[in-house]
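Thank you all for coming. I would like to walk you through one structure this morning, taking it slowly for those who have not seen it before.

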Amino acid sequence: MQEIDVKIIKQKITNSNIFISQDLTKKVELNMECKAKMRIPKDEEDKSILLSIELNIGTKDEKLKIELVSDMIFELDSLPDDYNEIAEQKLVPMASETLLNSLDEILVVMGYSKMELAKKIAK
């Protein structure tokens, strides 16, 4: 894979649904699903990519259900040979981590503790 530096230049959370039951225990087993769609530029010299990402996090008993949808614009330092490869290797992991960090900020505003899922998943 060619080395391409990537940075997020804009993020917009377009949808968020958060349900946390009152009787949720401290130790839970979470499931996470990530879906992403990429739009590449029509101009061949444009080095930006729009990634729409959806994260669904929850428990089997549905005492915790979180859905976050975000659009992120990435800027690349050079054009990739394979857009799908750069999306799998860099864009989706970076977008997921950023979105999970945003989730922590939202939870704090709601009065909950941070889940710190980005750190736990990176291990």
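I will begin with the core, then turn to the salt bridges, and end with a charged patch on the surface.

Please keep in mind throughout that this is a predicted model. The largest nonpolar core has 25 residues, and those with the most contacts inside it are Phe74, Leu91 and Leu103. At least two residues of this core come from each of strand S1, strand S3, strand S4, helix H1 and helix H2, and helix H1 gives the largest share, eight residues.

Now to the charged pairs, of which the structure holds five that count as salt bridges. In one of them, Glu75 pairs with Lys7, with the closest N and O atoms 3.7 Å apart, and this pair links distant parts of the chain, since Glu75 sits in strand S4 and Lys7 in strand S1, 68 residues apart. Are these two buried or exposed? Glu75 has 36% relative accessibility and therefore counts as partly exposed, and Lys7, at 47%, is partly exposed too.

Another salt bridge joins Asp23 to Lys63, where the closest N and O atoms are 3.3 Å apart; here the loop between S1 and S2, which holds Asp23, is linked to the loop between S3 and S4, which holds Lys63.

Finally, on the surface, Asp43, Glu44, Glu45 and Asp46 form a negative patch. Asp46 lies in the loop between strand S2 and strand S3, and because its relative accessibility is 31%, Asp46 counts as partly exposed.

Technical notes:
Residues are numbered from 1 along each chain as its sequence is written. This is a predicted model: local features need pLDDT of at least 70, side-chain atom pairs count only at pLDDT 80 or more; totals for chains, interfaces and linings use all residues. Side-chain values use heavy atoms; hydrogens and water are left out. Patches are made of residues with over 30% relative accessible area and no salt bridge: like charges are joined within 9 Å, nonpolar side chains (Val, Leu, Ile, Met, Phe, Trp, Tyr) within 5 Å. Accessible areas come from the Shrake-Rupley method with a 1.4 Å probe; for residues, only the protein chains shown count as cover. A salt bridge is a side-chain nitrogen of Lys or Arg within 4 Å of a carboxyl oxygen of Asp or Glu. Lys and Arg count as positive and Asp and Glu as negative; His and the chain ends are not counted. The place of a charge is taken as NZ of Lys, CZ of Arg, CG of Asp or CD of Glu. Helices (H or I, at least four residues) and strands (E, at least two) are DSSP runs, numbered from the N terminus. Buried means under 20% relative accessible area, exposed over 50%, partly exposed in between (1.4 Å probe, protein chains only). A nonpolar core is a set of buried Ala, Val, Leu, Ile, Met, Phe, Trp, Tyr and Cys residues joined through side-chain atoms within 4.5 Å.
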